[in-house]
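This note sets out points for a colleague's consideration on the structure shown below. It moves from the overall fold to local features.

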Amino acid sequence: MRTAHLLLRAGPTCAAAVALPLALAPAPALAQGSGISVSTTGTTVSVTTSACAQLNGSWGTASLLTPNQGAFSEGRQATLSGTAGGQSATWSNVAPGTYTVVVTCSNSATAGTQSVIVSGQSGTTTTSTSLPVPAPSPTTPPTGGVLGGLGGGARDFGDLPTAAGGALVGGGVVATYFILRRRSRPRRF
């Protein structure tokens with residue numbers, strides 16, 4: 001009777017200890033990589049993507065950065081418009097030069113980053129399909145801290161550390177069970 005009572009009291013704690021690693025496991029990011037296509041026609045730059053989902057009536061924002069600009073907020077920004085099948089943004093009267101286009105979805109995930117060269121010649125169409133350029137590093141630290149909820153971690157450590165953490169928690173649960181079991185036995189002299 002005493003053992004059953006002790007196990008019933010420890011049951012919810014053990015269940016929470018087993019479920020914790022599963023709840024804290026990182027979820028895959030929604031939009032990553034180079035999910036954008038950039039093209040130019042004369043002095044107009046266009047970007048298209050299908051990586052963003054609508055959130056609070058917004059698809060996201062695209063930014064056109066010069067080589068001297070390092071943060072998303074420093075570039076010329078355009079709001080994405082379109083449908084679930086594809087979103088786009090356009091910049092007109094862009095001076096000749098090399099630019100970086102960065103698309104950030106409304107859920108703050110980066111859909112992609114690509115470089116584009118604007119020649120400024122009328123009637124010329126260039127499509128950029130090169131490998132993505134690393135995203136520019138922000139010049140100011142981000143505000144708001146780490147995102148909460150599923151997938152809210154700031155860094156994905158992979159499956160091995162997650163499995164190791166789960167094994168440690170499981171070992172703690174087993175050790176707790178044996179300690180409680182030993183304490184519940186009557187003491188004989």
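1. Status and overall make-up. The model is predicted. Its secondary structure comprises two helices and nine strands, and the order along the sequence is α-β-β-β-β-β-β-β-β-β-α. The protein has 189 residues, of which 24% are buried.

2. The aromatic pair. How many aromatic pairs does the structure hold? There is one. Its members are Tyr 177 and Phe 178, whose ring centres are 5.3 Å apart and whose planes stand at 70°. An angle over 60 degrees counts as edge-to-face, so the pair of Tyr 177 and Phe 178 is assigned to that class.

3. Exposure of the paired rings. Are the two residues buried, exposed or partly exposed? Tyr 177 has a relative accessible area of 36% and Phe 178 one of 45%. Because the partly exposed class lies between 20% and 50%, Tyr 177 is partly exposed, and Phe 178 is likewise partly exposed.

4. The positive surface patch. Which residues form the positive patch on the surface? Arg 181, Arg 182, Arg 183, Arg 185 and Arg 187 make it up.

5. Arg 182 as a member of the patch. Arg 182 belongs to this positive patch and is located in helix α2, which spans residues 159–184. The relative accessible area of Arg 182 is 67%; since values over 50% count as exposed, Arg 182 is classed as exposed.

Terms used
Residues are numbered from 1 along each chain as its sequence is written. This is a predicted model: local features need pLDDT of at least 70, side-chain atom pairs count only at pLDDT 80 or more; totals for chains, interfaces and linings use all residues. Side-chain values use heavy atoms; hydrogens and water are left out. Rings of Phe, Tyr and Trp (its six-membered ring) pair if their centres lie within 6.5 Å; planes under 30 degrees apart count as stacked, over 60 as edge-to-face and the rest as tilted. Buried means under 20% relative accessible area, exposed over 50%, partly exposed in between (1.4 Å probe, protein chains only). Patches are made of residues with over 30% relative accessible area and no salt bridge: like charges are joined within 9 Å, nonpolar side chains (Val, Leu, Ile, Met, Phe, Trp, Tyr) within 5 Å. Accessible areas come from the Shrake-Rupley method with a 1.4 Å probe; for residues, only the protein chains shown count as cover. A salt bridge is a side-chain nitrogen of Lys or Arg within 4 Å of a carboxyl oxygen of Asp or Glu. Lys and Arg count as positive and Asp and Glu as negative; His and the chain ends are not counted. The place of a charge is taken as NZ of Lys, CZ of Arg, CG of Asp or CD of Glu. Helices (H or I, at least four residues) and strands (E, at least two) are DSSP runs, numbered from the N terminus.
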